[in-house]
Amino acid sequence: MGEMEQLRKEAESLKDEITAARKAVQDLTLQDHVAGTAVVGRVQLKTRKTLRGHLSKIYAVHWGDSKLCVSASQDGKLIVWDSYTTNKVHAIPLKSSWVMTCSYAPSGNMVACGGLDNMCSIYNLKGKDGNVKVMRELAAHTGYLSCCRFLNDNEIITSSGDCTCVLWDIETGSQKTVFAGHLGDCMSLGVAPDFNTFISGACDFTAKLWDIRDGQCRQTFGGHESDINAIGFFPNGNAVITGSDDASCKLYDLRSDQELITYQDSGIMCGVTSLAPSLSGRLILAGYDDFNCNIWDSLKAERVGVLSGHDNRVSCIGVTPDGMACCTGSWDSFLKIWN
Amino acid sequence: EAFGTSYHHTSLHHTAEMFSCVFLSIVQMEDVIARMQDEKNGIPIRTVKSFLSKIPSVFSGSDIVQWLLKNLCIEDQVEALHLGTLMAAHGYFFPISDHVLTLKDDGTFYRFQTPYFWPSNCWEPENTDYAVYLCKRTMQNKARLELADYEAESLARLQRAFARKWEFIFMQAEAQAKVDKKRDKIERKILDSQERAFWDVHRPVPGCVNTTEVDIKKSSRMKNPHKTRKSVYGLQNDIRSHSPTHTPAPEAKQPTEEELREQIKFGQAQLDRHRLKMSKVAESLLSYTEQYSDYDPFLCTPDPSNPWISDDTTFWEMEASKEPGQTRVRRWGFGINEVLKDPIGREQFLKFLESEFSSENLRFWLAVQELKKRPIREVPTRVQEIWEEFLAPGAPSAINVDSKSYGKTTQNVKDPGRYAFEDAQEHIYKLMKSDSYSRFIRSSAYQELLQAKKKFGVCNFFKYFLKMCLMPTKTTFFDESTLKTVILWNFIIIYNSCFLFLYIINCNLFL
């Protein structure tokens, strides 16, 4: 047992050394640096469109381009919207109504979804006869599918309640890489702008950065006091934003390997369900359990706006690739487009 | 108090285990509620004399709003109402004359909920409990506590569902009603209202939000399902089978030797990584947001307009057109990634490099990016093609890679995968960034695009001139210098045409 004790001691001392190394580069905090910058003025966004059509709680929404988005609801439907005209381009009935996530491929050719069925189902939108059919069912996870994101038409990354993330080859339906390391359910994932890495947030209160190519976990970030429900990259690809049940969001920087700032407020008592940065990253829009969405100045950590209009929890949020609008999806069965 | 307060303290411990995901927000809310109930600094609770009787233990909606504004860091009344409604929806206080749990900033009377019924006790009351409750209500003085329509419907439904054990339910309801009758009138009023508020949370009025609903991702993680299924009225419930989604949480186990070694390996790699100073990181974040704020539609109005607001899709039409606008071209100057991200940028970059006969680097980079998106069965052939074109001895578009990357790539090509050229691509990317890209940005081709010096043909001039006259709003993407050029050339053409016309007429006159 002496060896185990030694190993444990070594692991502990390494942790302390890492903490010290992180402190060593804290020559200035983000707050100090931006002390001279003014807070972004009050941001007031209005609802421009309301997308009606779902009959039950909306669990996920994802933009395909500046106008098309896909949403998933507990009514067992995946709807592809032309949100500018509010028309439903596709209404795809699902085998399992317990859907938790959906994703639009960057090419616009496919959408994917999954949930309590532990599978990621890929649908081809550009089939020959115009019908939308299941193209692949990616099954291997032993827990619910919490999030999925396409890398391209051949590869997709999924995160699951079985504490792992997986990179799949869609054509063969096989697992290419399994990213294991989290100690709790993986709730959310985000792909880096350069598609070389991705981040995952889990119920072990940590966020991990993974290298897609070699399957290794490159960095781990802690600090949250409860489940991390939402995660996303800062637009420059060098920082990560997380949202948690502890009612706060945090910004972690990859290059200095630590937390830069926390976004919280004594008036907010509900968990964060979803988040999305604006195009420049200066604003962070975060959806909460209390039916509202708060807009944060990412550098000054002050609330600069609120989106209220939903009658139930905001479960998902996304900003268009061109930054023109954001979409919120809620348990009240509506999607709203704001800017 | 009738339902017992001691239960509350032990239940908080259970809460931590069972509902870790909602624990923190509930604790925060209950903290505020405790402060609201404080004798000295809380909300003043009073008994109000009404027409025939007294209304005990109440406070008004405005009292709540004022207290929140004074004691919490809340900006305005709207936010106070929002937070207050949230607390009411969770059942911490309730309007005494309404089933709908919202907060109104007026004289409406509210009462505090007893801690026994607080959400931290993890209630998941069964329908048998609800049936007992509704049945009991029908036994009470109908004038005071008549069932609402939706409650009467629920009762009818429950009677059908529990037809076999209705006698048992009826007996329970009778027993409860007997106990209630013995109570002091005032105490009964309070307890009845609190019980009703509890059911308003767990069986809300149709159309109202049910705050007890939990995200299915979380509910499938909850531990100890049996502990939460306790009866409000002490009834024995049928053993429920595990829901198929429920997976018992793994016991926190000690790491094995192998896991420890992995942790140490990971820890060592972490320790060895280079960390950038926070000041540098902060500076880079600040400059990035500043640089891109002009392009962020939430901060700056886009040019010509935001299609969502103006209903004018010109912005998207311009993005899709082959001719890039000035703002778009300016963005390419921010870094090589902007050029590589934009299809028109790539096109222009390639065109420039081809004019200099140095396009092989970019073509290689583009080919490798494209390779990564191919279906796996096409990868081996494509890898071979790229190798032949760019790296093999005597390759037609030979690129210059460092010997280490070259060696690695030679090996990779023997067992080709999507990332066979990763090292070479990284090397080429760095080369392009420092060399080709900076030449491109300094080139006259790029500068001309940046200043939008367009070489117009005669037809184009007329076209743009007409467009300007007939649709002034849609030609707003012209900058001043281009506008001047267009107008000038149009005048020159018209002037010359007139001159020519007069000359011809003159000739004819002479003839």
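Which residue forms a salt bridge with Lys136(B)? Select Asp180(B): the closest N and O atoms of the pair are 3.4 Å apart. Keep in mind throughout that this is a predicted model.

**Stop 1: the Lys136(B) pair**

Colour the two helices around this pair. Lys136(B) lies in helix H5, residues 127-139 of chain B, and Asp180(B) lies in helix H8, residues 166-182 of chain B. The salt bridge therefore ties together parts that are 44 residues apart in sequence. Now check accessibility. Lys136(B) is buried, at 2% relative accessibility. Asp180(B) is buried too, at 7%. Both values fall under the 20% cut-off for a buried residue.

**Stop 2: chain B as a whole**

Zoom out to chain B. Its 511 residues include 42% that count as buried. Show the cartoon: chain B has 26 helices and four strands. Switch on contacts, leaving out those with a separation below 6. Of the contacts that remain in chain B, 63% are between residues 24 or more positions apart.

Next, select residues 486-505 of chain B. An unreviewed UniProt entry places the feature "transmembrane region" there. In the model this stretch is 100% helix and 0% strand. Its end C-alpha atoms are 28 Å apart.

**Stop 3: the repeats of chain A**

Move to chain A. The UniProt annotation "repeat: WD", again from an unreviewed entry, covers residues 51-91, 138-178, 179-220, 221-262 and 307-339. Select residues 51-91 of chain A. This part is 0% helix and 59% strand, with its end C-alpha atoms 13 Å apart. Then select residues 138-178 of chain A. Here the chain is 0% helix and 66% strand, and the end C-alpha atoms are 13 Å apart.

While in chain A, pick Glu259(A) and Lys250(A). They form a salt bridge, with the closest N and O atoms 3.4 Å apart. Is Lys250(A) buried or exposed? Lys250(A) is buried, with a relative accessible area of 8%. Glu259(A) is partly exposed, at 27%.

**Stop 4: the interface**

Show both chains. Select the contact residues: 105 in chain A touch 80 in chain B. The area buried between the two chains is about 8,000 Å². Carbon and sulfur atoms give 63% of this area. Highlight Tyr84(A), Met269(A) and Met324(A). These three supply 10% of the area that chain A buries against chain B, more than any other three residues.

Now turn to the polar side. The interface of chain A and chain B holds nine salt bridges and 30 residue pairs in polar contact. One salt bridge to display joins Glu79(B) and Arg303(A), whose closest N and O atoms are 2.9 Å apart. Which element gives the most to the side of chain A that touches chain B? Select helix H1, residues 2-24 of chain A, which contributes twelve residues. Colour that side of chain A by class: 44 residues are nonpolar, 27 polar and 34 charged.

**Stop 5: a charged network**

Finish with a network of salt bridges. Select Glu171(A), Glu370(B), Arg374(B), Arg377(B), Glu378(B), Arg382(B) and Glu385(B), which are linked in it. Within this group, look at Glu378(B) and Arg377(B). They form a salt bridge, the closest N and O atoms being 3.6 Å apart. Glu378(B) is partly exposed, at 27% relative accessibility. Arg377(B) is exposed, with a relative accessible area of 55%. To close, display every salt bridge: the count comes to 45 over all chains.

Key: Residues numbered from 1 in each chain as written. Chains lettered and ligands numbered in written order. Predicted model: local features only at pLDDT ≥ 70, side-chain atom pairs only at ≥ 80, totals over all residues. Heavy atoms only, no water. UniProt positions renumbered as here; feature names shortened; annotations may be inferred. Helix = DSSP H or I, 4+ residues; strand = E, 2+ residues; numbered from the N terminus. Contact = heavy atoms within 4.5 Å. Buried area = accessible area lost by both parts, 1.4 Å probe. Salt bridge = Lys/Arg side-chain N within 4 Å of Asp/Glu carboxyl O. Polar contact = N/O pair within 3.5 Å; in protein donor to acceptor, adjacent residues only side chain to side chain. Nonpolar A, V, L, I, M, F, W, Y, C, P; charged D, E, K, R; others polar. Buried < 20%, exposed > 50% of the residue type's maximum accessible area, 1.4 Å probe, protein only.
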